[in-house]
Amino acid sequence: AALCSSFRSMGEFGALPAGNRDVPGCGALAAFHPLLDVGNEVAASFRGDYAVVLSTVTPRHHETHALRPELSTLEFKWHDHCGRETPGAEKVARRNVLDGARALADALKTCGSTTTTTTTTT
């Protein structure tokens with residue numbers, strides 16, 4: 001609920017939480033995996049050295065905020081209604097989260113020494 005009350009800007013699916021365009025926009029999740037970062041919609045543009053970018057939103061340029069869809073390796077998008085999803089929207093979100101988790105596991109197995117990121121608005 002706190003996240004949903006901190007909306008700051010509009011994205012392709014509606015309001016986005018505060019921090020969605022902060023730079024560098026990414027952070028290491030080394031406790032989960034040494035090659036894993038999580039980031040906001042500008043992280044892939046700011047860093048630019050990710051081997052794989054799994055996106056829940058279209059990446060944007062970190063200075064101009066122009067859409068940069070070519071920075072996504074794979075996309076797993078859904079409308080986030082902060083727990084107020086319809087049954088159909090919940091099904092889409094659940095499927096995309098699970099598909100994204102499988103893609104992330106595959107990427108971490110094959111990336112070698114480069115960093116993987118998940119770009120997200122949350």
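Asn96 is buried, with a relative accessible area of 10%, where buried means under 20% relative accessible area, exposed over 50%, and partly exposed in between (1.4 Å probe, protein chains only). This is a predicted model, in which local features need pLDDT of at least 70 and side-chain atom pairs count only at pLDDT 80 or more, while totals for chains, interfaces and linings use all residues. Residues are numbered from 1 along each chain as its sequence is written, and side-chain values use heavy atoms, with hydrogens and water left out. Let's start with the overall layout and then walk through the parts.

**Overall layout**

- The protein has two helices and seven strands; helices (H or I, at least four residues) and strands (E, at least two) are DSSP runs, numbered from the N terminus.
- Along the sequence, these elements follow the pattern β-β-β-β-α-β-β-α-β.
- Of the 122 residues in the protein, 38% are buried.
- About 6,800 Å² of the protein is exposed, and carbon and sulfur atoms supply 58% of that area; accessible areas come from the Shrake-Rupley method with a 1.4 Å probe, and for residues only the protein chains shown count as cover.
- Take the contacts (heavy atoms within 4.5 Å) between residues at least 6 apart in sequence: 41% of them join residues at least 24 apart.

**Helix H2 and the nonpolar core**

- Asn96 sits in helix H2, and beyond its neighbours within four places in sequence it is in contact with Phe76, Lys77 and Trp78.
- Asn96 has buried company in H2: Ala93, Gly100, Ala103, Leu104, Ala107 and Leu108 are buried too.
- An α-helix has 3.6 residues a turn, so residues three or four places apart point the same way.
- The end C-alpha atoms of H2 are 35 Å apart, in agreement with the 34 Å that its 24 residues should span at 1.5 Å a residue; the expected span is 1.5 Å times one less than the number of residues.
- The largest nonpolar core has 10 residues: Leu35, Leu36, Val52, Leu54, Phe76, Ala103, Leu104, Ala107, Leu108 and Cys111. Such a core is a set of buried Ala, Val, Leu, Ile, Met, Phe, Trp, Tyr and Cys residues joined through side-chain atoms within 4.5 Å.
- E5 and H2 each supply at least two residues of this core, and H2 gives the most, with four.

**Strand E5 and its partner**

- Strand E5 is covered on both faces: Val52 and Leu54 are buried on one side, and Val53 and Ser55 are buried on the other.
- In a regular strand the side chains alternate between the two faces of the sheet.
- E5 and E6 run parallel and are joined by two bridges; two strands pair if DSSP finds at least two bridges between them.
- Ser55 stands opposite Glu75 in E6.

**Salt bridges**

- The structure holds seven salt bridges, each a side-chain nitrogen of Lys or Arg within 4 Å of a carboxyl oxygen of Asp or Glu.
- One of them joins the side chains of Glu41 and Arg60 (3.6 Å, N to O). This pair links distant parts of the chain, 19 residues apart: Glu41 is in the loop between strand E4 (36-39) and helix H1 (43-47), and Arg60 is in the loop between strand E5 (52-55) and strand E6 (74-75). Glu41 and Arg60 are both buried.
- Lys77 pairs with Glu75, their closest N and O atoms being 3.6 Å apart. Lys77 is partly exposed at 22% relative accessible area, and Glu75 is partly exposed at 38%.
- Arg102 pairs with Asp99, with closest N and O atoms 2.6 Å apart. The two are three residues apart in helix H2 (residues 87-110), so about one helical turn separates them. Arg102 is partly exposed at 49%, as is Asp99 at 27%.
- Asp37, Arg47 and Asp49 are joined into one network by salt bridges that share partners.

**The loop between E5 and E6**

- Glu63 lies in this loop and is exposed, with a relative accessible area of 61%.
- The C-alpha atoms of Glu63 and Phe46 are 8.5 Å apart, and the two residues are 17 apart along the chain.
- His65 is also placed in the loop between E5 and E6 and is partly exposed, at 27% relative accessibility.
- His65 has a phi near 65 degrees, a positive value in a residue other than glycine.
- Most residues other than glycine have a negative phi, and most peptide bonds are trans.
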